[in-house]
Amino acid sequence: MHQEHVTLTNVEIEQLYGAIKKYLQDLKLEVIHEDKLPNYLSLKAYKGGTLNTITGSVRDVEVMISGSDTSHELILRTGAWGRDIFVPGAIAGLFTGGIGAAAVAGAEIYRAYTFEKNFWKWINTIISELSRGNASMTDPKVLEPQKDISTS
């Protein structure tokens, strides 16, 4: 699971959430879960089917927005982009004598990178359109998984 986050200020969060949902649906991702609580909105979407699940090419996206008043954190989690690259690569390798494995893995990594880059570019554009002229967004930062120190 890859996670990136930004800090948003002076953004109409409900409108942004609706725009994000539409953006993902326009990309043919199916929204499979939503939470709407005070100061917390999230949605999870995926693109795939039986064949995609078997080959490991399921696309899994989760967006969470939390905060209060004028400042919010937006977290983008993408899964099954990088962690399942081995499976489609191995399958391609079986059919091409190993040559296709690296190409498929490279294509999956590029696809994930492109999705995330385009998402943040789109978010920056949409918050400008939805804002009252004073909205801002920090640069995306990768969130590293926290280690469980209780087992150490």
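Analyst: One definition first: buried means under 20% relative accessible area, exposed means over 50%, and partly exposed lies in between. The model here is predicted.

User: Why is Asp-26 called partly exposed?

Analyst: Asp-26 has a relative accessible area of 48%. Buried would need a value under 20%, and exposed a value over 50%. Asp-26 fits neither, so the label is partly exposed.

User: What makes Lys-22 and Asp-26 a salt bridge?

Analyst: The side chains meet with N and O 2.8 Å apart. The cut-off is a Lys or Arg side-chain nitrogen within 4 Å of an Asp or Glu carboxyl oxygen. The pair passes, so Lys-22 and Asp-26 count as a salt bridge. Lys-22 is itself partly exposed, at 48%.

User: Where do Lys-22 and Asp-26 lie?

Analyst: Helix H1 holds both residues. They are 4 residues apart, about one turn of the helix.

User: How do you know that Lys-21 and Glu-34 form a salt bridge?

Analyst: Their closest N and O atoms are 2.9 Å apart. The limit is 4 Å, so the pair qualifies. This bridge links distant parts of the chain, 13 residues apart. Lys-21 is in helix H1 (residues 13-26), while Glu-34 is in strand E2 (residues 30-37).

User: Are Lys-21 and Glu-34 buried, partly exposed or exposed, and why?

Analyst: Lys-21 has a relative accessible area of 24%. Glu-34 has 31%. Neither value is under 20% or over 50%, so each residue is partly exposed.

User: What makes Asp-60 and Lys-44 a salt bridge?

Analyst: The N to O distance between their side chains is 3.9 Å. That is within 4 Å, so this pair counts.

User: Which parts does this pair tie together?

Analyst: Asp-60 lies in strand E4 (residues 59-68) and Lys-44 in strand E3 (residues 40-47). The pair therefore ties together parts 16 residues apart in sequence.

User: Why do Asp-60 and Lys-44 get their exposure labels?

Analyst: Asp-60 has a relative accessible area of 12%. That is under 20%, so Asp-60 is buried. Lys-44 has 27%, which falls between the two limits, so Lys-44 is partly exposed.

User: How far is Asp-60 from Glu-30?

Analyst: Their C-alpha atoms are separated by 9.6 Å. Along the chain, the two residues are 30 residues apart.

User: How many salt bridges does a search of the whole structure find?

Analyst: The search finds 4. Among them are Lys-21 with Glu-34, Lys-22 with Asp-26, and Asp-60 with Lys-44.

Notes
Residues are numbered from 1 along each chain as its sequence is written. This is a predicted model: local features need pLDDT of at least 70, side-chain atom pairs count only at pLDDT 80 or more; totals for chains, interfaces and linings use all residues. Side-chain values use heavy atoms; hydrogens and water are left out. Helices (H or I, at least four residues) and strands (E, at least two) are DSSP runs, numbered from the N terminus. Buried means under 20% relative accessible area, exposed over 50%, partly exposed in between (1.4 Å probe, protein chains only).
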